[in-house]
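Grab a pencil and work through a few short exercises with the model open beside you. Try each task before you read its solution.

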Amino acid sequence: MSIVVTGATGELGRLVVDQLLTTVPANEIAAVVRDEEKAAPLAARGVELRVADYDRPESLKDAFRAGDRVLLISGSEVGRRVPQHTAVIDAAKAAGVAQLAYTGVLGGPEADFQLAAEHKVTEQLILDSGLPHTFLRNGWYTENYTANLAPVLAHGAVVANAGDGRVASATRADYAAAAAAVLTGEGHLGAVYELSGDVAWSFAEYAAEVARATGKEIVHKNVPAAVHQEILVGAGLPEGFAAILVDVDAAIARGLLAGTSGDLARLIGRPTTPLAETVAAAVAPA
């Protein structure tokens, strides 16, 4: 039996493996990766590599073993995730894994925004499969914002169409710690965790936090959805992706990413990382 992390060279996957290595022997961890060369640092730490590709179902037949505890990290290619996830679920069922944990989206069936659609389908596929499972419904990553500070600093503004809506974000490291806890602990089969930060913040508060950290004047500009779409496309984003971000802001305005259930802090045994700390860390290199 191994603890298996799919997408292990991605931003979240790497952090999950890092967290696991603090408590689990490396030879009990397996990483499902597409690029063996990219995963060489994991192999150097003693992690087993299992090379497979979500887009090639036949490659997944050896990715899992009976009794494995598996973390399915959702694919990053919006629009292709349902067939990709289906391939993983089918392979996990055929192998007889002991647990399939899935990183979905905060709110689950109640999340009515575009980006949630494939997550909801995936959860139903897992339920239909009969696999022992755990749903990790991740809220927003604070890094979704702090990793894109350059235009904020250049224009002195946080632009959004979310109005006064609030975001209960947490860091990727927080979510990774929760995934590791579920993969190594007991009593999580059949559980559904609504994971989010302890405190929900508004974009005006985020702008004020960036201003404090940088010493610059940063304001929050709320704009209509159509205007925000034009701004994002003008900045070089593909129209489809820009539309997804605008739709997320509309969901934030409706309060769909503001939930603070406390599940994340309980799983990791500590408070979630404060917004101010993540902003300060992002500003320091800049």
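The exercises below use a predicted model, and they go from helix pairs to single residues and then to aromatic rings.

**Exercise 1. Describe how helix 8 and helix 12 pack: what is the angle between their axes, and what is that arrangement called?**

Step 1: Start with what has to be reported. Two packed helices are described by the angle between their axes and the distance between the axes.

Step 2: Find the two elements. Helix 8 covers residues 203-214 and helix 12 covers residues 275-283. Their axes come within 9 Å and cross at roughly 50°.

Step 3: Put a word to the angle. Roughly 50° is neither under 35 degrees nor in the range 65 to 115, so helix 8 and helix 12 are oblique to each other.

Step 4: Add the hand. Helix 8 and helix 12 make a right-handed crossing.

Step 5: List who meets whom. Helix 8 brings Y206, E209, V210, A213 and T214, while helix 12 brings L275, A276, V279 and V283. Sorted by type, the residues of this contact come to 7 nonpolar, 1 polar and 1 charged.

**Exercise 2. Now do the same for helix 9 and helix 10: which word fits their crossing angle?**

Step 1: Helix 9 is residues 225-234, and helix 10 is residues 239-253. Their axes come within 9 Å and cross at roughly 140°.

Step 2: Be careful with the upper cut-off here. An angle has to be over 145 degrees to count as roughly antiparallel, and with roughly 140° helix 9 is therefore oblique to helix 10.

Step 3: The crossing of helix 9 and helix 10 is right-handed.

Step 4: Helix 9 contributes A225, H228, Q229, L232 and V233 to the contact, and helix 10 contributes E239, A242, A243, L245, V246 and D249. Between helix 9 and helix 10, that splits into 7 nonpolar, 2 polar and 2 charged residues.

**Exercise 3. One more pair: how do helix 3 and helix 4 lie with respect to each other?**

Step 1: Look for helix 3 at residues 81-95 and helix 4 at residues 117-129. The axes of helix 3 and helix 4 come within 10 Å and cross at roughly 20°.

Step 2: Roughly 20° falls under 35 degrees, so helix 3 is roughly parallel to helix 4. Helix 3 passes helix 4 in a right-handed crossing.

Step 3: On the helix 3 side you'll find R81, V82, H85, T86, I89 and K93; on the helix 4 side, E118, H119, V121, T122, L125, I126 and S129. The residues in the contact of helix 3 with helix 4 are 5 nonpolar, 5 polar and 3 charged.

**Exercise 4. Is T9 buried or exposed, and where does T9 sit?**

Step 1: T9 is in the loop between strand 1 (3-6) and helix 1 (11-20).

Step 2: The cut-off for buried is under 20%. T9 has 15% relative accessibility, so T9 counts as buried.

Step 3: See what T9 touches. Apart from neighbours within four places in sequence, T9 is in contact with R14, V33, K38, A39 and L42.

Step 4: Try G10, in the loop between strand 1 and helix 1. With 28% relative accessibility, G10 counts as partly exposed. From G10 to I73 is 63 residues in sequence and 9.1 Å in space, C-alpha to C-alpha.

**Exercise 5. What does V97 touch, and how much of V97 is accessible?**

Step 1: V97 lies in the loop between helix 3 and strand 5 (99-105).

Step 2: The relative accessibility of V97 is 5%, so V97 is buried.

Step 3: Leaving out residues up to four places away in sequence, V97 touches F64, R65, G67, D68, V70, A92, L131 and P132.

Step 4: Set P57 beside this case. P57 is in the loop between strand 3 (48-51) and strand 4 (69-72), and P57 is partly exposed at 48% relative accessible area. P57 and A87 are 30 residues apart in sequence, yet 5.2 Å apart in space, C-alpha to C-alpha.

**Exercise 6. How many aromatic pairs are there, and which residues form one aromatic cluster?**

Step 1: Ring centres within 6.5 Å make a pair, and by this rule there are 7 aromatic pairs.

Step 2: Y145, W201, F203 and Y206 form one aromatic cluster. You've met Y206 already, in the contact of helix 8 with helix 12.

Methods
Residues are numbered from 1 along each chain as its sequence is written. This is a predicted model: local features need pLDDT of at least 70, side-chain atom pairs count only at pLDDT 80 or more; totals for chains, interfaces and linings use all residues. Side-chain values use heavy atoms; hydrogens and water are left out. Rings of Phe, Tyr and Trp (its six-membered ring) pair if their centres lie within 6.5 Å; planes under 30 degrees apart count as stacked, over 60 as edge-to-face and the rest as tilted. Axes are lines fitted to C-alpha atoms, for helices over the stretch in contact, and angles run from 0 to 180 degrees between N-to-C directions. Helices (H or I, at least four residues) and strands (E, at least two) are DSSP runs, numbered from the N terminus. A crossing is left-handed if the near helix is turned anticlockwise from the far one by less than a right angle, and right-handed if clockwise. Contact means heavy atoms within 4.5 Å. Ala, Val, Leu, Ile, Met, Phe, Trp, Tyr, Cys and Pro count as nonpolar, Asp, Glu, Lys and Arg as charged, and the others, Gly among them, as polar. Buried means under 20% relative accessible area, exposed over 50%, partly exposed in between (1.4 Å probe, protein chains only).
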